[in-house]
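Biologist: Please take one helix of this model and describe it closely, then work outward to what surrounds it and to how the two chains meet.

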2 protein chains.
Amino acid sequence: MHNDRTRILVDSIKRLLRRNATVHLRKIVNKTHGADLSMVFRSLSITQQLKLFIMIEDIEQQGILFSELDEGAFPALIEGIELDKIVEVLDHMPTDDVADLIGQLSKQKSDSILEMMKKEGSEEVEGLLHYDDDTAGGIMNPDFVALREETTAKEAIESLQKEHFDVEMPFYLYVVDEYGKLVGVSSLRQLVVVPPEERLKDFMSTDVFSVETSMDQEEVAKIVARYNILAVPVVDETNRLVGIVTVDDVIDIFREEATEDILKMAGVGEEFVETQSVIRSVRIRLPWLFASCIGGIIAFFVIGHFEGSIKKLAYLAAFIPVIMGMGGNIGTQSSTIVVRGLATGRLNIRDTWAVVFKELSVGFILGAFYGFMIGLVAQLQYSKSMLAVSVGLAVISSMAVAALVGSLVPMAFARINVDPAVATGPFVTTAIDIVSVYFYFRIATTLLGI
Amino acid sequence: MHNDRTRILVDSIKRLLRRNATVHLRKIVNKTHGADLSMVFRSLSITQQLKLFIMIEDIEQQGILFSELDEGAFPALIEGIELDKIVEVLDHMPTDDVADLIGQLSKQKSDSILEMMKKEGSEEVEGLLHYDDDTAGGIMNPDFVALREETTAKEAIESLQKEHFDVEMPFYLYVVDEYGKLVGVSSLRQLVVVPPEERLKDFMSTDVFSVETSMDQEEVAKIVARYNILAVPVVDETNRLVGIVTVDDVIDIFREEATEDILKMAGVGEEFVETQSVIRSVRIRLPWLFASCIGGIIAFFVIGHFEGSIKKLAYLAAFIPVIMGMGGNIGTQSSTIVVRGLATGRLNIRDTWAVVFKELSVGFILGAFYGFMIGLVAQLQYSKSMLAVSVGLAVISSMAVAALVGSLVPMAFARINVDPAVATGPFVTTAIDIVSVYFYFRIATTLLGI
């Protein structure tokens with residue numbers, strides 16, 4: 001539904017661009033939110049984008065457009081915009097968003113922009129560029145409201161009116177001591193409901209959650225989500241307040257992390273590829289298929305080893321797909337449950353053995369069920385009970401091993417601080433394939449005596 | 001890191017429970033946030049949970065604990081709590097959270113609670129229970145601040161102090177006309193910075209995003225995320241303001257939807273299973289493996305059809321895993337990219353043919369690359385050029401078909417309003433397996449003339 005609206009907007013704008021209907025275009029552009037315009041920009045050429053951009057009258061909307069553009073679209077767009085104009089727009093944007101955009105530019109371009117930006121703002125932006133992208137420091141906004149304990153509610157409100165006009169979403173006022181260290185917090189709401197002469201120290205809350213600059217962004221997001229707060233203050237190693245992470249960034253983090261996890265689990269790297277060219281898409285996806293290719297070649301040699309048996313009983317080959325498939329699918333189930341459980345905090349690495357044992361039990365029970373079914377098919381088709389037993393046992397062992405490996409590998413990865421999501425990709429599946437095929441032929445050749 | 005803190009908390013609480021150290025327990029329980037306690041409750045028996053629950057002195061924290069409990073834990077916990085006490089806690093909670101909890105109870109239990117709750121609150125809760133769980137109406141909070149256009153800033157602040165004390169996160173004040181229809185919005189921030197005598201109509205914003213009660217929760221969440229707002233007003237079909245959806249619920253929606261998508265894509269249903277018993281886990285996962293089992297049996301008959309050829313050239317069987325594996329993996333890549341692209345709005349169902357054509361091209365190019373490599377291995381091992389060519393062509397066709405099916409099926413599902421995430425599970429993989437194996441044997445038997 002929302003997609004439809006964007007599509008209609010794209011269609012109208014394209015039609016107006018073809019007809020060069022400047023008056024109409026100007027009207028539609030200035031009635032559209034910057035976030036919506038950024039979706040339209042995806043479908044336009046750079047020349048068309050520039051044409052629309054200069055029509056935007058509200059500088060805030062220009063800033064929103066900048067920050068909502070797809071990764072990589074900003075450097076291309078600003079090639080056609082004068083430096084003065086770019087700096088003017090950036091000056092009106094939240095510092096954390098500016099730092100994100102500048103981080104996408106070449107060294108030369110970013111230097112010339114930082115030089116032109118107002119002294120203070122530029123220092124803040126440069127400060128942010130020093131932190132790791134994925135940490136609290138890298139995502140925080142250094143503009144926040146910090147007041148002293150002795151400030152009265154009335155004075156605090158006045159400071160909101162005068163000094164802190166450009167602060168993003170000022171729903172919390174932080175209270176700091178003479179060294180800038182965080183000591184408390186008050187909500188804007190509390191400020192308006194207490195008597196005007198009351199001091200912050202008398203009504204502020206001293207139970208204030210804070211995070212350190214080096215904390216991973218996913219941890220920061222989890223804290224905001226867990227305590228249902230709108231922003232979390234960021235402090236340096238000495239507990240000095242240096243920034244805030246707001247809830248809108250937290251939403252972006254969760255969406256980004258979920259996408260990364262999903263792509264990694266499917267073995268497509270962690271970048272979005274759907275809007276990229278065929279050639280770039282091929283380059284990103286090619287290496288991830290390598291594990292599967294090597295695994296397949298190993299399986300080829302394993303089966304080659306049993307060539308003599310296959311010559312005698314050709315129908316042995318017919319069971320390869322079902323045995324591989326059952327193992328592969330239950331392995332994916334197990335690894336996905338573990339990876340997502342770890343990401344959402346519902347599983348803990350300290351429970352490794354309990355989780356793995358449970359998965360092994362589930363694999364064994366499901367293996368027994370499907371082993372019986374598939375063995376039955378073998379029996380009905382070939383009337384050879386030893387073949388049926390071999391196939392059944394192969395399914396059981398394949399599924400049990402798959403559930404074991406599928407749960408153990410991501411747990412082990414998490415323990416040594418490797419992202420468990422990569423463990424669910426082609427690596428584990430491929431390993432399971434090889435083991436399944438080997439077990440199958442070992443069991444069958446032994447039981448059938450060939 | 002955060003997980004570690006929870007674990008330490010669980011360990012200390014368990015130790016204190018064993019020692020029956022009531023004084024210590026009471027201290028630790030009342031120093032811990034309700035959201036953290038809810039994580040501890042996961043590891044405790046119901047008796048232990050009850051023991052801790054009655055120690056909590058702050059009724060707000062009791063409410064937070066209730067709403068943060070795992071799905072299904074609430075009905076079990078309150079079996080041991082008196083109805084009076086439950087109702088008292090619920091009365092202090094946001095209405096949307098109360099409705100979520102009551103929705104988990106049996107008809108009898110929920111009726112008796114609703115009857116005991118204060119008349120007004122209970123009506124609101126019952127109102128919410130009528131909406132679909134996954135819609136704006138089902139997740140909205142019916143407590144919000146709505147004022148008339150003529151209200152002055154000063155009067156608005158006074159109303160916050162008197163009437164609207166229990167509103168959740170009142171960062172926006174909505175402005176309604178005499179019929180309760182939404183006409184504008186002001187932020188709490190604006191309220192404190194304008195002169196006290198100014199009327200809402202003079203400084204409110206009339207560009208107010210709103211959603212209808214029937215809108216899907218995922219769409220609602222996308223709107224809040226796109227426009228970086230803290231709450232979105234919910235209106236009925238006549239534009240009458242009936243509730244708000246706050247950003248904390250939006251975070252939960254995104255996390256929930258990401259988890260559902262991931263589980264569906266892995267073929268594990270859409271429920272969390274990692275905290276459930278082995279037997280329940282088996283029951284949930286068993287049906288999802290059925291597609292894979294049937295597919296494997298079909299592949300078995302396909303290969304059985306070529307039994308004569310395998311008898312002559314047993315090594316043909318050795319290539320089955322690599323051909324299936326390459327097809328399966330690229331199919332997973334394609335379907336994952338499409339499913340996540342649709343979920344994040346970066347792909348649109350109207351672009352179906354462009355997307356499918358692009359995936360087909362990628363599949364073809366990657367197929368050519370890996371087909372050459374695997375064909376080369378075949379050549380080096382068996383020195384039969386026709387075998388090498390057959391294997392190479394089989395890899396190309398398997399990977400091209402897999403990319404085609406992997407992208408087309410989720411797109412087609414989305415078009416007919418079936419959740420595309422289910423298309424990436426065992427169904428598609430299994431279909432690809434069958435097609436791959438069939439193509440391989442057709443090509444090989446034709447080229448090798450057997």
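Modeller:

**Helix α18 and its surroundings**

Helix α18 (residues 290-305) of chain A has 16 residues and reaches 23 Å from its first C-alpha to its last, close to the 22 Å expected at 1.5 Å a residue. The expected span is 1.5 Å times one less than the number of residues. Helices (H or I, at least four residues) and strands (E, at least two) are DSSP runs, numbered from the N terminus. The model is predicted: local features need pLDDT of at least 70, side-chain atom pairs count only at pLDDT 80 or more, and totals for chains, interfaces and linings use all residues. Residues are numbered from 1 along each chain as its sequence is written, while chains are lettered from A and ligands numbered from 1 in the order in which they are written.

The buried residues of α18(A) are Ser292(A), Cys293(A), Gly295(A), Gly296(A), Ile297(A), Ala299(A), Phe300(A), Val302(A) and Ile303(A). Buried means that 20 or more other C-beta atoms, placed from the backbone, lie within 10 Å of the residue's own; exposed means 12 or fewer, and partly exposed is in between. An α-helix has 3.6 residues a turn, so residues three or four places apart point the same way.

These buried residues pack against α23 (426-448) of chain A, and also against α20 (320-344) and α21 (352-382) of chain B. The surroundings of α18(A) thus lead to the other chain, because its buried residues pack against helices of both chains.Across the whole interface, 97 residues of chain A are in contact with 96 residues of chain B, contact meaning C-beta atoms, placed from the backbone, within 7 Å. Helix α20 (residues 320-344) of chain A gives the most to the side of chain A that touches chain B, with 15 residues. By class, that side has 57 nonpolar, 24 polar and 16 charged residues. Ala, Val, Leu, Ile, Met, Phe, Trp, Tyr, Cys and Pro count as nonpolar, Asp, Glu, Lys and Arg as charged, and the others, Gly among them, as polar.

Of the interface residues of chain A, 99% are also interface residues in chain B, so the copies meet through the same surface. Chain A is superposed on chain B by a rotation of 180° with 0.0 Å of shift along its axis (RMSD 0.2 Å). That is the relation of a two-fold axis. The superposition is by least squares on the C-alpha atoms of residues with pLDDT of at least 70 in both copies.

Definitions and conventions. Two residues are in contact if their C-beta atoms, placed from the backbone, lie within 7 Å.
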